[in-house]
Structure formats: C-alpha cells, structure tokens
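Me: I'm new to reading protein structures and would love a close look at a single part. Could you pick one residue, walk me through its surroundings, and then show me what lies elsewhere in the model?

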Amino acid sequence: MKNGKKNTIRIGTFMPDKKGVLHGRIFGFGIGVTPVSFEPQTSKDGKEYFRLIADAGKEGYEIGAAFPKEKDGMTYHSVSIESPALPQPINAALFRDKESGVFTLVWNRQDDSKDLRAEATVNVNVQPQQQTQAQTRRSTEPQPLL
C-alpha cells in the first residue's frame with residue numbers, strides 16, 4: 001500500500017448470454033472457485049440491477065447484488081458479495097470491456113495501515129474485565145475430566 005496505491009485483484013470474468021445474464025466464476029478468496037450468474041432484475045421503482053446467484057443451474061443461492069454506477073464518465077457496477085464463509089461482505093466492481101464484451105470483476109484491498117492504527121489505539125485503551133464472585137468461584141472449583 002505504498003504511495004496510496006491500492007492492490008486491484010481480478011476475482012472473476014463473465015460473459016453475457018442472449019438474455020443479458022452474465023455467466024462466469026468468482027475465485028481468489030481461499031474458498032475455491034464458485035460458478036456465479038449475474039441475473040438482470042428491475043426494482044419496484046424501475047431501476048435495473050443484477051442479483052448474484054452462486055451455483056446457478058443447480059440449486060442456486062443468492063450471494064449478492066450489483067448496482068450500476070458512473071464515475072468520471074465510466075459506467076460500472078458496484079458489487080456486494082455476502083457469504084457465511086467470509087468474515088464480512090466483499091465490495092467489488094464489475095467492468096465491461098467495450099471491445100470484447102467480457103465483464104471483469106475486480107476487488108481492491110483496503111488500506112490496512114489505517115485499520116492497524118485504529119486497532120492499536122483501541123487495544124491500548126482496553127481494560128481487563130473484572131470477574132464476578134460467581135465466575136471466580138466457578139474457575140477455582142475442580143472440573144470433571146471428560
């Protein structure tokens with residue numbers, strides 16, 4: 001994370017079918033390669049977005065959503081991926097290559113130096129918990145062997 005640069009990692013590639021569904025795989029999180037489809041949806045207020053369906057074609061299950069965004073004239077999709085296997089949701093971006101039509105899903109690693117400073121500050125101020133009399137009594141009683 002030197003010089004304020006982020007590590008951008010490609011975590012998936014997707015190809016559209018004739019119905020506008022994007023098919024591909026997400027990889028790189030230490031949980032294997034997961035087939036995923038981005039299925040076009042329309043919200044109640046008429047806005048278009050994608051639902052992310054893992055293991056599509058089998059017993060697919062929803063793992064997130066992707067909403068269209070624009071920044072500096074560039075259109076992309078802001079993607080949120082959720083899974084019980086992940087410690088927290090993953091925010092990524094989906095870009096379309098204008099020449100090939102292939103969609104690429106990328107993830108930017110957060111700047112860990114900010115988190116480390118915050119964690120160090122919190123840890124310095126943490127006070128040990130005081131045990132209640134009942135907790136102290138339980139901890140000094142003999143425990144049965146299993």
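Reply: Happy to! Let's start with V33, which counts as partly exposed because its relative accessibility is 47%, and partly exposed covers the range between under 20% (buried) and over 50% (exposed). Keep in mind that this is a predicted model.

Where does V33 sit? You'll find V33 in the loop between β2 and β3. Leaving aside residues up to four places away in sequence, V33 touches R25, I26 and F27. Now try comparing sequence with space: V33 and G12 are 21 residues apart along the chain, while their C-alpha atoms lie 9.3 Å apart.

Next, have a look at the largest nonpolar core, which has 20 residues. Among these, F14, F38, L52, V79, I81, L94 and L105 touch the most other members. At least two residues of this core come from each of β1 (8-16), β2 (22-26), β3 (34-42), β4 (48-54), β5 (61-71), β6 (74-81), β7 (90-96) and β8 (103-108). In soluble globular proteins, nonpolar side chains tend to be buried together. L94 is a good one to click on: not counting residues up to four places away in sequence, its contacts include F14, F38, V79 and L105.

Finally, there is the second largest pocket, with a volume of about 340 Å³. Its lining has 16 residues, and T75, Y76, H77, R96 and F103 are the closest to its centre. Two or more lining residues come from each of β3, β4, β6 and β7, and β6 gives the most, with four. By type, the lining divides into nine nonpolar, four polar and three charged residues.

Conventions
Residues numbered from 1 in each chain as written. Predicted model: local features only at pLDDT ≥ 70, side-chain atom pairs only at ≥ 80, totals over all residues. Heavy atoms only, no water. Core = buried A, V, L, I, M, F, W, Y, C linked by side-chain atoms within 4.5 Å. Buried < 20%, exposed > 50% of the residue type's maximum accessible area, 1.4 Å probe, protein only. Contact = heavy atoms within 4.5 Å. 1 Å grid on protein atoms, 1.4 Å probe; cavity = no way out; pocket = protein on both sides within 12 Å on 5 of 7 lines; lining within 4 Å. Points joined across faces, edges and corners; volume = space filled by probe spheres on them. Nonpolar A, V, L, I, M, F, W, Y, C, P; charged D, E, K, R; others polar.
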